[in-house]
Amino acid sequence: SAVTEFRWTEAGTGIPVLCLHGLFGTSEHWEGVIEALAPGYRAMALTLPIFETPPDDLSVSGLRAHVEAFLEAERVPPAIVK
């Protein structure tokens, strides 16, 4: 089933910068980066549904779809992805 809720942290305004954590990371790992980017960018750290998704459903394309759904739901224009 598709995830319809998103969790993320965000600070600042301007060109959006989306930070994605690794497979064993969390969005909290980006806190310092979000704070540093906030004066000039709309900095966002999205929590990927790695621990909520059944292991057989985890795939790069599945995670990409989650990110794309987030960007669409939040009406984020083209963003820099880190």
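What share of the contacts between residues at least 6 apart in sequence join residues at least 24 apart? In this protein the figure is 77%, and the points below, which concern a predicted model, set out where some of the pairings between remote parts of the chain are found.

1. Overall architecture. The protein contains 2 helices and 4 strands, and these elements follow one another along the sequence in the pattern β-β-α-β-α-β. Of its 82 residues, 33% count as buried, while the accessible surface amounts to about 5400 Å², with 59% of that area belonging to carbon and sulfur atoms.

2. The sheet. The 4 strands make up an open sheet whose order is S1-S3-S2-S4, and the pairing within it is mixed. Strand S1 and strand S4 (80–81) are the edge strands, since each of them pairs on one side only. S1 and S3 run antiparallel and are joined by 4 bridges, whereas strand S2 (residues 15–20) pairs with S3 in the parallel sense over 6 bridges.

3. Strand S3 and its bridge partners. Of the 6 residues of S3, 5 are buried, so the strand is largely enclosed by the rest of the structure. Ala 45 may serve as a reference position when the model is inspected: Thr 9 stands opposite Ala 45 in S3, and Ala 45 is also the bridge partner of Cys 19. A further bridge pairs Val 17 with Ala 43 in S3. As general background to reading such pairings, side chains in a regular strand alternate between the two faces of the sheet.

4. The salt bridge between strands. A search of the whole structure returns 2 salt bridges, one of which joins the side chains of Arg 42 and Glu 10 at 2.8 Å, N to O. Arg 42 belongs to strand S3 (residues 41–46) and Glu 10 to strand S1 (residues 8–11), so this pair ties together parts that are 32 residues apart in sequence. The two partners fall into separate accessibility classes, for Arg 42 counts as buried at 18% relative accessibility, while Glu 10 is partly exposed, with a relative accessible area of 37%. The value for Arg 42 should be read beside the cut-off, because buried means under 20% relative accessible area.

5. The salt bridge within a helix. Arg 64 forms a salt bridge with Glu 68, and the closest N and O atoms are 3.4 Å apart. Both residues lie in helix H2 (residues 60–73), where, being 4 residues apart, they are separated by about one helical turn. Here both partners are partly exposed, Arg 64 at 48% relative accessibility and Glu 68 at 45%.

6. Surroundings of Trp 8. Trp 8 is found in strand S1 and is partly exposed, with a relative accessible area of 30%. Its side chain makes a polar contact of 2.8 Å with the side chain of Glu 10, the residue that also takes part in the salt bridge with Arg 42. Leaving aside residues up to four places away in sequence, Trp 8 touches Met 44, Ala 45, Leu 46, Thr 47, Phe 70 and Glu 74. As for Phe 70, its C-alpha lies 9.7 Å from that of Trp 8, although the two residues are 62 residues apart in sequence.

7. Surroundings of Ser 27. Ser 27 is placed in the loop between S2 and helix H1 (31–37), and at 2% relative accessibility it counts as buried. The side chains of Ser 27 and Thr 47 are joined by a polar contact of 2.8 Å. When residues up to four places away in sequence are not counted, Ser 27 touches His 21, Ala 45, Leu 46 and Thr 47. Ala 45, Leu 46 and Thr 47 are also among the residues that Trp 8 touches, which makes this stretch a useful place to examine the two neighbourhoods together.

8. A nonpolar surface patch. Ile 15, Tyr 41 and Ile 80 form a nonpolar patch on the surface, and their accessible area together is about 250 Å². Tyr 41 has its place in strand S3 and is partly exposed, with a relative accessible area of 32%, which is to be set against the 5 buried residues among the 6 of that strand.

How values were computed
Residues numbered from 1 in each chain as written. Predicted model: local features only at pLDDT ≥ 70, side-chain atom pairs only at ≥ 80, totals over all residues. Heavy atoms only, no water. Salt bridge = Lys/Arg side-chain N within 4 Å of Asp/Glu carboxyl O. Buried < 20%, exposed > 50% of the residue type's maximum accessible area, 1.4 Å probe, protein only. Contact = heavy atoms within 4.5 Å. Polar contact = N/O pair within 3.5 Å; in protein donor to acceptor, adjacent residues only side chain to side chain. Areas by Shrake-Rupley, 256 points an atom, 1.4 Å probe, with all protein chains shown as cover. Patch = residues over 30% accessible without salt bridge, like charges linked within 9 Å, V, L, I, M, F, W, Y side chains within 5 Å. Pairing = 2+ DSSP bridges.
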